[in-house]
Amino acid sequence: MKIIILGAGQVGGTVAANLTSEDNDITVVDRDGQILQALQDRLDLRTVAGNATYPAVLERAGVDDADMVIAVTNSDEANMVACQICATLFRTPSKIARVRAVEYLSHPQIFAPDALPIDVLISPEQLVTQYVRRLIEHPGALQVMDFADGRVRLVGVRAYYGGPLVGQELRTLREHVPGVQTRVAAIYRRGSAIIPEGETVIEAGDEVFFVAARKNIRAVMSELRRLDKPVKRITLAGGGNIGMRLAQSLEPHYRVKIIEHNPQRCRAIADTLKKTIVLRGDAADEDLLLEENIENTDVFCALTNDDEANILAAMLAKRRGARTVMALINRAAYVDLIQSSDDIDVAISPQQATIGSLLAHIRRGDVATVHSLRRGAAEAIEAIAHGDAGSSEVVGRRIDQIRLPRGTTIGAIVRGEEVVMAHHDTVIEPEDHVILFLVDKSRLRDVEKLFSVGVTFL
């Protein structure tokens, strides 16, 4: 697929890295020649220096025969204008734009089919807000991903000593939680993936990914670790766009405080939020954290624009007694570092939260949802099965008859409103939404081919 990426910032760079690894023809446009050179030095792609909204620059980038434009510059306005120009002058088939300002997003008619020609809107702030909110709903989870509009969730959780299933074979899970439909999709042990079998024994420290209906997640988690108490008190460090949006969504259900150092911003968010307590100060100020009873905080979430400040504030909050600490981290190297340490419970990567939304529109075949996992090495996909037994390699077949690529498991099937856990004798029906887990993303093309429909299907 020929794709033009407008903007070589953190999101643009992450998108480019993901897409070049999948044999796409990628061109990146940005004003900053140094950033482009750095990208070109490490990735197999083409770059064009210039203003991404100028038709001549877009033409040089090859937009006239591009399949898709992804506008992720730092300017909402530039992204919207670029999509309009691509539609008007070049008839680009697919246009994706990052738009962050609530002032635009709160008027969806701007993006109606007869208005701005943007096919898919991406709002990293909104995606991160939803991501953190799901983690707060399920205390102790490392990752929580929605499929089929939230009817099914894939949850990553670390197994600890004391969990009833730890030291037991996986086949006993059904006896441990009778009546609960669930399936373990993958296990990571000391950084390596294990394809779960019935005789696989869960060890303490394993990172277990399981699929379950939303109502059953707590029951399954309780088999892998001691359950944390439900969250009541939340402290957010940073009152920027993400902090304020998150506080707005949380304040009806939890006791929320925001720490923000900028006095003007403090006043602005205090005027907007209804129940949240707004504190002016430095989130890495130990005295302030102690005054605000950090030891009684269930979740401390550092969400400023500064990675180092987020890491320090989260570590300090953890050491002073906050039960769970999360930190927003933009640099990929920092994410790796934090996830391998015990100082911070969850490292939130806006790039990883965003890339899944983009990948769902790039995958071949009918793919409803994609979640990028393990820093892009693994993926969880919701693919829709079309065709019939004559034209499809999956429809009309039992799961044990489907030639799944190595390292791929089917976790669940969503059939209309019904959620069906995958067993060896489950038969795939037309229009089933199939939830797959790929521990090796290099097998992606094989999965896409598996779900493609033959030419005999009309």
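**Exercise 1. Explain why Cys 266 has no disulfide partner in this predicted model.**

Start with the distance: the closest cysteine sulfur to that of Cys 266 belongs to Cys 301, and it is 17 Å away. Next, recall the cut-off: a disulfide needs two cysteine sulfur atoms within 2.5 Å. The gap of 17 Å is therefore too far for a bond. Finally, look at the surroundings: Cys 266 has a relative accessible area of 9%, so it is buried.

**Exercise 2. Find how many disulfides the structure holds, and check Cys 83.**

The count is 0 disulfides. For Cys 83, the nearest cysteine sulfur is that of Cys 86, 6.3 Å away, and Cys 83 is in no disulfide. Cys 83 has a relative accessible area of 0%, which means that this residue is buried.

**Exercise 3. Test whether the length of helix H4 fits its residue count, then work out what its buried side packs against.**

Step one: H4 covers residues 76-90, which is 15 residues, and at 1.5 Å a residue the expected span is 21 Å. Step two: the C-alpha atoms at its ends are 21 Å apart, in agreement with that expectation. Step three: list buried residues of H4, among them Asp 76, Met 80, Cys 83, Cys 86 and Phe 90. Step four: follow their packing, which involves strands E1 (2-6), E4 (68-71) and E5 (94-98) as well as helices H3 (55-60) and H5 (102-105). One last detail: just after H4, Arg 91 has a positive phi of about 50 degrees.

**Exercise 4. Classify the aromatic pairs around Phe 209 and trace what they link.**

A handy reminder: a pair of aromatic rings is described by the distance of the centres and the angle of the planes. The structure holds 2 aromatic pairs. Take Tyr 188 and Phe 209: their centres are 6.0 Å apart with 75 degrees between the planes, an edge-to-face pair. Tyr 188 sits in strand E9 and Phe 209 in strand E11, so this pair ties together parts 21 residues apart in sequence. Now take Phe 209 and Phe 437: with centres 5.4 Å apart and planes at 50 degrees, the pair is tilted. Phe 437 belongs to strand E22 (residues 433-438), and this pair links parts of the chain 228 residues apart. Put together, Tyr 188, Phe 209 and Phe 437 form one aromatic cluster. As for burial, Tyr 188 is buried at 6%, and both Phe 209 and Phe 437 are buried as well.

**Exercise 5. Decide whether Arg 226 is buried or exposed.**

First locate Arg 226 in the loop between helix H8 (217-221) and strand E12 (233-237). Its relative accessibility is 67%, and exposed means over 50%, so Arg 226 counts as exposed.

Definitions and conventions:
Residues numbered from 1 in each chain as written. Predicted model: local features only at pLDDT ≥ 70, side-chain atom pairs only at ≥ 80, totals over all residues. Heavy atoms only, no water. Helix = DSSP H or I, 4+ residues; strand = E, 2+ residues; numbered from the N terminus. Expected span 1.5 Å × (residues − 1). Buried < 20%, exposed > 50% of the residue type's maximum accessible area, 1.4 Å probe, protein only. Contact = heavy atoms within 4.5 Å. Phe/Tyr/Trp six-rings, centres within 6.5 Å; stacked < 30°, edge-to-face > 60°.
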